[in-house]
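Colleague: Could you take me through the strand arrangement of this model, and then through the surroundings of one residue? I would like each answer to show its reasoning.

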Amino acid sequence: MAILDDISAAVQAGKRKDVEELVQKAIDEGTSAQDILNGGLLAAMEIIGPKFKNNEIFVPEVLVAARAMNAGTALLKPLLVESGVKPIGKAVIGTVKGDMHDIGKNLVRMMIEGANVDITDLGVDVAPEVFADFVKDNPDLDLVCLSALLTTTLPSMADCVKAVKETGAPVKILIGGAPVTQELADELGVQGYAPDAGSAAAKAAEMLA
């Protein structure tokens, strides 16, 4: 469908206003919210993710694309709820204690949210007990996403993983950030690792499937 291709192209170009206008037009023409989400918005991020991973585009371009996608998603949310389309899961994200970096974390949050996941952002410098309390207070939570940009905060990430596991809740844990590796994920015994924001969104969707 041409309009879905136009929506995808506008998202990739980061044209927020165009995305809003095209999504509204598609809604007015009777295209289902689910089709607009999958065929337009998510289709764009499926192109953006690999391009980012391959260094064909960089953080600023991904940020504007994610913001454009979220503008479109905001128009669709009430319609998705109305038509009974539920989020594919519930997640929480935060940068671990001692680390104040939020650009990567914000990018991951926007991309995961765009993949129709109900995600709460706890911000930066989040203590292990804060993650644990959130898990305890939200028995329907599926996924905990932990971010770190500093090598010095990796012990804090380990503490956060430990605190979440000690709640005994059946949640999955996804970790990422510059110093994080698959080896660390294996060592900490978590279910997911993502090297970048594009991979994180795809990995989160896979873990929630």
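**The sheet and one loop residue**

Modeller: In this predicted model, five strands form an open sheet with parallel pairing, and their order is β2-β1-β3-β4-β5.

Colleague: Which strands stand at the edges of the sheet?

Modeller: A strand with a single partner has one side left without a neighbour in the sheet, and therefore stands at an edge. In the order β2-β1-β3-β4-β5, the strands with a single partner each are β2 and β5 (192–194).

Colleague: How many bridges join β1 and β2, and in which sense do they pair?

Modeller: Lys90 stands opposite Asp118 in β2. Strand β1, which covers residues 90–95, pairs with β2 in the parallel sense, over four bridges.

Colleague: What angle does the direction of helix α5 make with that of β2?

Modeller: Helix α5, residues 103–114, packs on the sheet and touches β1, β2 and β3 (143–147). Its direction and that of β2 make an angle of about 160°.

Colleague: Is Val126 buried or exposed?

Modeller: Val126 lies in the loop between β2 (118–121) and α6 (128–137). Leaving aside residues up to four places away in sequence, Val126 touches Gly94, Thr95, Val96, Lys97, Phe131 and Cys160. Since buried means under 20% relative accessible area, and the value for Val126 is 2%, Val126 is buried.

Colleague: How many Å apart in space are Val126 and Lys17, C-alpha to C-alpha?

Modeller: In sequence, Val126 and Lys17 are 109 residues apart. From C-alpha to C-alpha, their separation in space is 34 Å.

Notes. Residues numbered from 1 in each chain as written. Predicted model: local features only at pLDDT ≥ 70, side-chain atom pairs only at ≥ 80, totals over all residues. Heavy atoms only, no water. Helix = DSSP H or I, 4+ residues; strand = E, 2+ residues; numbered from the N terminus. Buried < 20%, exposed > 50% of the residue type's maximum accessible area, 1.4 Å probe, protein only. Contact = heavy atoms within 4.5 Å. Pairing = 2+ DSSP bridges. Axes fitted to C-alpha atoms, helices over the stretch in contact; angles between N-to-C directions.
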